[in-house]
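Me: I have just opened this entry and would like some help in reading it. Could we go through it together?
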Amino acid sequence: MSRFMKRSKPKGLMLTSLLDMFTIILIFLIVSFEAEDQAFKLDPDLRLPESSARSVFKPSVNVVINPQALIVEQKVLMRLEDGKFPADFYTAGEIPELVEALKVYAEQMDFTVDEEEQTVVTIQADKDLDYQTLYLVMRSSSMAGFARYRLAIMKK
Amino acid sequence: MFNKRRRKTSEVYDLNVVPVMNLFMVLIPFLLLGAAFYQIGVIPTATATHDPNASDVPATPTTVSANLVIKPDAIALSFASTSLGEEALSALSIELPKKDDQYDIEGLRTRLTRVKQLYPESTTMTILPHNELPYQVLVEVVDGVRERPLGFDDKGDAKFEELFPVTVFSKFIPPGPDSPVLDDDDYDDEEE
């Protein structure tokens with residue numbers, strides 16, 4: 001009887017395999033955490049194009065063109081209809097609101113530090129956006145003094 | 001008594017992993033919040049700036065600058081240079097029609113590789129897409145002209161050869177009411 005009682009004694013929970021799993025997850029997350037771009041906030045309403053470009057992301061003035069709106073530094077500048085600006089903007093070749101907004105950023109910059117590095121705009125645009133609209137945004141940025149661009153892409 | 005003592009010392013204890021588990025349970029949600037599950041990169045580019053005194057052809061005689069016109073049904077590649085004549089430049093030029101509704105990126109890359117071998121200092125390409133070109137297709141073309149893959153090195157990392165890494169976007173000026181109507185041949189000459 002006493003032998004039987006000894007055998008039926010409950011054993012402790014085996015945590016070794018769970019611990020192994022957690023260790024693997026932890027290592028994976030630590031590696032991902034290092035690769036994170038803290039300064040970049042991906043707009044949830046757009047899908048970036050995929051590219052094999054290997055240039056690393058650097059923070060700069062962020063302009064987003066998603067199908068619903070034009071956003072500068074997370075502030076909605078104007079609403080769009082199906083990713084299109086009003087027709088007269090295309091005729092004029094500029095978006096006055098964007099030019100004005102970027103001029104404000106240009107005035108705030110300290111050009112004694114590194115002018116080339118500062119007059120850059122990071123453009124996040126939906127992968128289905130037409131070139132006409134993309135170029136209109138780039139041209140308007142150029143008019144505000146930002147003639148160089150970083151087109152945000154999703155790495156393949 | 002001796003037997004009892006020996007039995008006591010040989011008893012095996014389980015390692016108490018519960019505090020380690022607690023630590024993991026705190027660390028994992030914290031790292032999950034900050035983890036990036038996608039990698040963002042950038043394509044550095046520029047637009048053409050208008051300078052009445054500047055020339056669009058390179059100053060050094062050993063280089064050529066490329067112009068890539070992306071039409072709805074084809075891509076047309078042409079070159080400009082201060083030292084090469086019209087004949088030499090037109091020999092380098094090529095027009096590649098779409099294949100299976102896709103732009104012939106491989107054909108373009110082959111031609112650019114040949115030009116790069118002839119004029120290795122050349123780096124700049126001006127791209128003139130048509131208005132309705134989707135952004136994803138534009139990025140694929142830019143990827144094609146920037147570099148070409150050369151397989152893998154000893155460490156297993158991908159190797160690339162630079163072709164025309166400096167890309168400048170431009171656009172055709174629509175003809176005004178008084179301008180003569182442009183046909184397809186004029187399309188190559190008028191740019192902003």
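Reply: A definition will help with the interface: buried area is the accessible area that two parts lose on being put together, summed over both. Please note also that this is a predicted model.

Me: Noted. How much area do chain B and chain A bury between them?
Reply: Chain B and chain A bury about 4400 Å² between them, and 68% of that area is on carbon and sulfur atoms. In chain B, the residues that lose the most area to chain A are B:Ile40, B:Val42 and B:Tyr135, which together account for 19% of what that side buries.

Me: How many residues does each chain bring to the contact?
Reply: Chain B brings 44 residues and chain A brings 50 residues.

Me: And how many salt bridges are there between chain B and chain A?
Reply: There is one salt bridge between the two chains. B:Glu147 forms this kind of pair with A:Arg54, with the closest N and O atoms 2.5 Å apart. In addition, 16 residue pairs are in polar contact between chain B and chain A, both residues being at pLDDT 80 or more.

Me: Which elements of chain B supply residues to that side?
Reply: Helices α2 (18-34) and α5 (135-146) and strands β1 (40-47) and β5 (124-129) of chain B each supply at least two residues of the side that touches chain A. Of the elements of chain B, α2(B) gives the most to that side, with 10 residues. By residue type, the side of chain B that touches chain A divides into 28 nonpolar, 10 polar and six charged.

Me: Let us step back. What is the secondary structure of chain B?
Reply: Chain B has five helices and eight strands. Along the sequence, their pattern is α-α-β-β-β-α-β-α-β-α-β-β-β. Chain B has 192 residues, of which 38% are buried.

Me: What about chain A? How many helices and strands are there?
Reply: Chain A has six helices and seven strands. From the N terminus on, the order is α-α-β-β-β-β-β-α-α-α-β-α-β. Chain A has 156 residues, and 43% of them count as buried.

Me: Now one residue in particular. Is B:Thr167 buried or exposed?
Reply: B:Thr167 has a relative accessible area of 3%, so this residue is buried. B:Thr167 lies in strand β8 (residues 166-169) of chain B. Leaving aside residues up to four places away in sequence, B:Thr167 touches B:Pro44, B:Thr45, B:Ala46, B:Met125, B:Ile127, B:Val142 and B:Val145.

Me: Back to salt bridges. How many are there over all chains?
Reply: The count comes to 10 over all chains. One of the pairs is B:Lys98 with B:Asp101, whose side chains meet in a salt bridge at 3.8 Å, N to O. B:Lys98 is partly exposed at 29% relative accessibility, while B:Asp101 is exposed, with a relative accessible area of 62%.

Me: Which residue does B:Lys99 meet in a salt bridge?
Reply: B:Lys99 meets B:Asp104, at 3.5 Å from N to O. B:Lys99 is exposed, with a relative accessible area of 52%, whereas B:Asp104 counts as buried at 12% relative accessibility.

Me: Where do B:Glu106 and B:Arg109 lie?
Reply: Both lie in helix α4 (residues 105-118) of chain B, three residues apart, about one turn of the helix. The side chains of B:Glu106 and B:Arg109 meet in a salt bridge (3.1 Å, N to O). B:Arg109 counts as buried, at 16% relative accessibility. Elsewhere, A:Arg47, A:Asp126 and A:Asp128 are joined into one network by salt bridges that share partners.

How values were computed: Residues are numbered from 1 along each chain as its sequence is written. Chains are lettered from A and ligands numbered from 1 in the order in which they are written. This is a predicted model: local features need pLDDT of at least 70, side-chain atom pairs count only at pLDDT 80 or more; totals for chains, interfaces and linings use all residues. Side-chain values use heavy atoms; hydrogens and water are left out. Helices (H or I, at least four residues) and strands (E, at least two) are DSSP runs, numbered from the N terminus. Buried means under 20% relative accessible area, exposed over 50%, partly exposed in between (1.4 Å probe, protein chains only). Contact means heavy atoms within 4.5 Å. Buried area is the accessible area (1.4 Å probe) that two parts lose on being put together, summed over both. A salt bridge is a side-chain nitrogen of Lys or Arg within 4 Å of a carboxyl oxygen of Asp or Glu. A polar contact is a pair of N or O atoms within 3.5 Å; within protein, one must be able to donate a hydrogen and the other to accept it, and residues adjacent in sequence count only if both atoms are side-chain atoms. Ala, Val, Leu, Ile, Met, Phe, Trp, Tyr, Cys and Pro count as nonpolar, Asp, Glu, Lys and Arg as charged, and the others, Gly among them, as polar.
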